[in-house]
Amino acid sequence: DGATVAVMGTGITRIYPEQNIDLARRIRKNGVLVSQFAPYAPRTRTSFLRRNHVIAGLSDISIIMSGESRSGSRHEIEQAIGYGRPVLMWSPALEHQDWARKLADDGKASFITSAEEVRRTLDGIDQ
């Protein structure tokens, strides 16, 4: 019964990749597509990194399911940390990554293995 907010790395009229056009239509019915770019703006080398600032700013919590040390996911984590947001990392996919372990060791992020851990973190924010 929730609503989806999809933050785009292109203009609002450009769906990328194109195979996501049907997904975008479904989201529009019960959610919203948002973009910080001009309506017809194409994707660029930096547009998805710039989009990550918006995702981190809109989110109460960031949950990272996968990513390499030089990835958009890693960039979004850095933005979320900068905004003071909790960051959770999916342990099965990320615990072997040196950068992820360092973030956890430094107390900047936590590893999770269940949806219940996400719920507990969200409950802690609401108090």
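**Ser62 and the sheet around it**

Modeller: At 2% relative accessibility, Ser62 counts as buried, where buried means under 20% relative accessible area, exposed over 50% and partly exposed in between, with a 1.4 Å probe and protein chains only. This is a predicted model, in which local features need pLDDT of at least 70 and side-chain atom pairs count only at pLDDT 80 or more, while totals for chains, interfaces and linings use all residues. Residues are numbered from 1 along each chain as its sequence is written, and side-chain values use heavy atoms, with hydrogens and water left out.

Colleague: In which strand is Ser62 found?

Modeller: Strands (E, at least two residues) and helices (H or I, at least four) are DSSP runs, numbered from the N terminus. With the strand covering residues 62-64, Ser62 belongs to β3.

Colleague: Which residues does Ser62 touch, not counting those up to four places away in sequence?

Modeller: A contact means heavy atoms within 4.5 Å. Leaving out residues up to four places away in sequence, the partners of Ser62 are Glu76, Ala80, Pro86, Val87 and Leu88.

Colleague: What is the order of the strands in the open sheet?

Modeller: Two strands pair if DSSP finds at least two bridges between them, and the pairing in this open sheet of 3 strands is parallel. The edge strands, each pairing on one side only, are β3 and β5 (110-112). Read across the sheet, the order is β3-β4-β5.

Colleague: How many bridges join β3 to strand β4?

Modeller: Strand β4 covers residues 87-90 and runs parallel to β3. Within this pair of strands, Ile63 stands opposite Leu88 in β4. The number of bridges joining β3 to β4 is 3.

Colleague: What angle does the direction of helix α3 make with that of β3?

Modeller: Helix α3 (residues 72-82) packs on the sheet, where it touches β3 and β4. Axes are lines fitted to C-alpha atoms, for helices over the stretch in contact, and angles run from 0 to 180 degrees between N-to-C directions. For α3 and β3 the angle is about 155°.

Colleague: Which helix packs on the sheet, touching β4 and β5?

Modeller: The direction of this helix makes about 140° with that of β4. Covering residues 98-105, the helix is α5.

Colleague: How many helices and strands are there in the protein?

Modeller: From the N terminus on, the elements run β-α-β-α-β-α-β-α-α-β-α. Buried residues make up 30% of the 127 residues. The protein has 6 helices and 5 strands.
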